[in-house]
Amino acid sequence: MQQWRTRHAVGDAIIVRYADDSVLGFQFEGEARRFLASMRERLAKFGLELHPDKTRLIRFGRIAAQQCRERGIRKPETFDFLGFTHCCSKRRSNGAFKIVRLTIKKRMRATLAVIRETLMRRRHEPVPVVGVVA
């Protein structure tokens, strides 16, 4: 990414990486498309490929939110990364852009189901016992 950015990118480019997951941000859509093509080509040399369900181009950020409002779309797309759903939003104080990170709903539902099941199993025990984490 660093080599490609210094040689080919005109606008801003950012990478956030954790283990084998990464999110790449580009200022211009054309650069994002060119990088994706070169990344696929480079991985193919080693017999690898990008995961088709996890790899996508989306409009995200301050300008994407503005473009969606102009088109009559409520909000830009969201994406999941490191256990959070990342969403475009704006501050209540001045309306400036901000990123909101929410817990992934699937994971939250699973955790709540475990808590609910534990409470249902322990509901006939005395209150001081139930209040203690097992």
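## Exercises on a predicted model

In this predicted model, Ile14 has Gly25 in β2 as its bridge partner.

**Exercise 1.** In which sense do strands β1 and β2 pair, and over how many bridges?

*Solution.* Find the strands. β1 covers residues 13–18, and β2 covers residues 21–26. They pair in the antiparallel sense, over six bridges. Now look at the link. Two residues lie between β1 and β2, which form a hairpin. Ala19, in the turn, has a positive phi of about 55°.

**Exercise 2.** Is Thr85 buried or exposed?

*Solution.* Start with its place: Thr85 lies in strand β4, residues 84–90. Next, take its relative accessibility, 13%. Buried means under 20%. Therefore Thr85 counts as buried. Then check its surroundings. Beyond four places in sequence, the contacts of Thr85 include Phe79, Val100 and Leu102. Its side chain also makes a polar contact of 2.7 Å with that of Asp80.

**Exercise 3.** Which residues are linked with Glu29 in a network of salt bridges?

*Solution.* Take one pair at a time. Glu29 and Arg33 meet through their side chains in a salt bridge of 2.7 Å, N to O. Both are in helix α2; because they are four residues apart, about one helical turn separates them. Glu29 also forms a salt bridge with Arg59, with the closest N and O atoms 3.1 Å apart. This pair links distant parts of the chain, 30 residues apart: Arg59 lies in the loop between α2 and α3. Put the pairs together: Arg33 and Arg59 are linked with Glu29 in the network.

Note on methods:
Residues are numbered from 1 along each chain as its sequence is written. This is a predicted model: local features need pLDDT of at least 70, side-chain atom pairs count only at pLDDT 80 or more; totals for chains, interfaces and linings use all residues. Side-chain values use heavy atoms; hydrogens and water are left out. Two strands pair if DSSP finds at least two bridges between them. Buried means under 20% relative accessible area, exposed over 50%, partly exposed in between (1.4 Å probe, protein chains only). A polar contact is a pair of N or O atoms within 3.5 Å; within protein, one must be able to donate a hydrogen and the other to accept it, and residues adjacent in sequence count only if both atoms are side-chain atoms. Contact means heavy atoms within 4.5 Å. A salt bridge is a side-chain nitrogen of Lys or Arg within 4 Å of a carboxyl oxygen of Asp or Glu.
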